[in-house]
Amino acid sequence: MPTKLVLGLQHGDEGKGRVVDDLTETWADVVVRFQGGGNAGHTVYDREGNKFVTHILPVGVVQSRNSNKDVLNVISRGCVLNVSDLYEELLSFDSEKELTNNQLKISGFCPLIEPTHILIDRMKYQGKLGTTARGIGPAYSDFYARDSILFKDFVMNPEASLNKIYKKFLDFQTDFAGQGGTNKQVNDNFSFYNDWASKYRSAVDTLSQYLMEDETEIFQLYQSGKNILLEGAQGSGLSIGSNNYPDVTSSFPSVGGALNSTGLNHNQIDEVIGVIKSYKTKVGTGIFPSIIKDESAQILAEIGKEYGATTGRPRQCGWLDLDEVNLAIQNNGVDHLCIIKTDVMTHIEKPFVFHENKLTSIPKIDNVSLEDEGFKTLVDMVSNITNINNISYTTGPKRGEIVWNV
Ligand code: IMP
């Protein structure tokens with residue numbers, strides 16, 4: 001009954017989705033997404049190169065949908081949920097066949113993201129912090145204030161819950177108009193609300209079947225011997241518990257976050273797999289010590305397709321920062337490192353790694369193979385500096401292009 005946890009050790013966009021997808025194909029019975037919301041964009045390519053992007057759905061749904069493997073996907077209580085967006089994500093993902101309630105379950109304790117949260121995020125935090133404007137921070141604020149509507153309220157009392165959501169929206173509109181919001185802006189907000197509310201109502205029947213009422217359910221799955229894969233979103237550098245505050249997201253992409261959100265205890269996490277890209281990318285505000293200032297940044301961005309899967313924003317590129325990776329390893333007790341997008345680094349003439357606050361040059365990487373001097377130097381440096389011997393790496397973007405435990 002082992003449990004593996006996949007965590008990003010940088011600023012998100014490390015490629016966790018494909019690691020989860022690979023492990024779902026070969027190992028997992030249950031995949032649990034445990035923090036964040038529709039701010040994530042996990043991109044997965046199958047063996048034929050078809051692309052799938054999930055936002056709040058656990059990546060295991062790609063296997064549920066396209067293979068005969070029985071996989072249960074769980075959105076657990078640490079996630080904030082925009083039911084209207086989730087409904088749309090399911091429709092676009094799932095056009096031919098609905099996921100059954102043996103394939104998807106949603107914790108009744110997930111706080112809802114409301115239209116007011118999204119409007120506040122757009123008006124107040126998108127410009128200031130470079131958020132994804134998905135309402136994540138304001139939804140978690142209401143949760144910690146104990147003022148959230150939960151997914152179980154949506155299922156049990158959809159209209160009464162919508163009335164509460166509407167009341168909060170009206171209060172927001174009154175404040176907004178009082179603070180100088182124009183008539184047009186107020187009307188636009190109403191249109192946004194109405195559109196959202198109509199999707200909310202359409203979502204009730206479909207989503208209600210996925211309610212997970214019993215919060216010990218993940219623990220019971222563990223006890224019954226299922227292989228459980230916990231899927232982190234974002235990355236350590238974006239944790240609200242990190243020193244990068246306030247340039248962070250509002251959840252805990254960490255072992256602690258996973259435990260709080262699943263009801264598992266620390267003895268029940270058997271392996272923590274830290275995912276790192278062979279370089280680093282970042283969107284939003286905040287410091288970026290290893291940022292690249294020459295044309296290598298452009299090459300990594302173009303070859304690595306470094307545009308946000310959720311927002312389409314270009315990501316800034318930098319060298320692999322092993323100082324931040326080491327901190328994340330220390331904070332989370334990482335057992336195993338998986339290095340992603342190593343093939344992208346073969347396009348760089350003069351690659352570097354950032355460590356102890358300075359850049360170290362490494363030989364050019366010609367091939368993603370341990371026979372290659374540049375690639376071996378990179379893998380050895382990662383292993384020596386992090387003290388982790390259990391290393392895996394990807395050789396290309398498609399499912400299966402991953403070498404485990406070198
Ligand atoms: P929020 O999560 O939308 O509140 O955004 C807060 C910060 O986290 C911003 O800098 C975002 O760009 C960043 N962020 C949130 N989700 C992701 C992600 O999945 N990948 C990369 N950055 C993210």
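Setting aside neighbours within four places in sequence, Asp153 touches Ser148, Pro158 and Ser161. This is a predicted model, and Asp153 makes a handy starting point for looking around it. The residue lies in helix 6, which covers residues 151-156. With a relative accessibility of 26%, Asp153 counts as partly exposed, because that class takes in whatever falls between the buried limit of 20% and the exposed limit of 50%. For a sense of distance across the model, Asp153 can be paired with Gln316: the two are 163 residues apart in sequence, and their C-alpha atoms are 40 Å apart in space.

Stepping back to the whole chain, there are 13 helices and 16 strands. The radius of gyration is 21 Å, close to the 22 Å that the globule rule gives for 406 residues, so the chain is as compact as a globular protein of that length. Along the principal axes, the C-alpha trace spans about 65 × 55 × 40 Å. Buried residues account for 56% of the 406 residues. As for who touches whom, if only contacts with a separation of 6 or more are counted, 74% of them link residues 24 or more positions apart.

Leu81 gives a view of a buried spot. This residue sits in the loop that runs from strand 5 (72-75) to helix 3 (83-93). Its relative accessible area is 0%, so Leu81 is buried. Beyond the neighbours within four places in sequence, the contacts of Leu81 are Ile56, Ile75, Leu86, Ile106, Cys110, Pro111, Leu112, Ile113 and Phe151. Gly36 can be placed relative to Leu81 too: 45 residues separate the pair in sequence, while the C-alpha to C-alpha distance is 8.6 Å.

Next comes a pair of helices. Two packed helices are described by the angle between their axes and the distance between the axes. For helix 4 (residues 115-129) and helix 5 (residues 136-144), the axes come within 7 Å and cross at roughly 120 degrees. The two helices are therefore oblique to each other, and their crossing is right-handed. On the helix 4 side, the contact is made by His117, Ile120, Asp121 and Tyr125, and on the helix 5 side by Ile136, Pro138, Ala139 and Asp142. Sorted by class, that contact has five nonpolar residues, one polar residue and two charged ones.

A few backbone details round out the picture. Most residues other than glycine have a negative phi, and most peptide bonds are trans. Against that background, the bond joining Tyr245 and Pro246 is a cis peptide bond, with omega at about 10 degrees. Pro246 belongs to the loop between strand 8 (228-231) and helix 10 (255-262). Gln234 is also in the loop between strand 8 and helix 10. Though not a glycine, Gln234 has a positive phi of about 50 degrees. With a relative accessible area of 9%, Gln234 is buried, because buried means under 20%.

Asn387 is another non-glycine residue with a positive phi, here about 65 degrees. Its place is the loop between helix 13 (373-386) and strand 15 (391-394). The relative accessible area of Asn387 is 68%, so this residue is exposed.

Terms used
Residues numbered from 1 in each chain as written. Predicted model: local features only at pLDDT ≥ 70, side-chain atom pairs only at ≥ 80, totals over all residues. Heavy atoms only, no water. Axes fitted to C-alpha atoms, helices over the stretch in contact; angles between N-to-C directions. Helix = DSSP H or I, 4+ residues; strand = E, 2+ residues; numbered from the N terminus. Parallel < 35°, antiparallel > 145°, perpendicular 65-115°, else oblique. Left-handed = near helix turned anticlockwise from the far one by under 90°. Contact = heavy atoms within 4.5 Å. Nonpolar A, V, L, I, M, F, W, Y, C, P; charged D, E, K, R; others polar. Rg over C-alpha atoms; globule rule 2.2 N^0.38 Å. Buried < 20%, exposed > 50% of the residue type's maximum accessible area, 1.4 Å probe, protein only.
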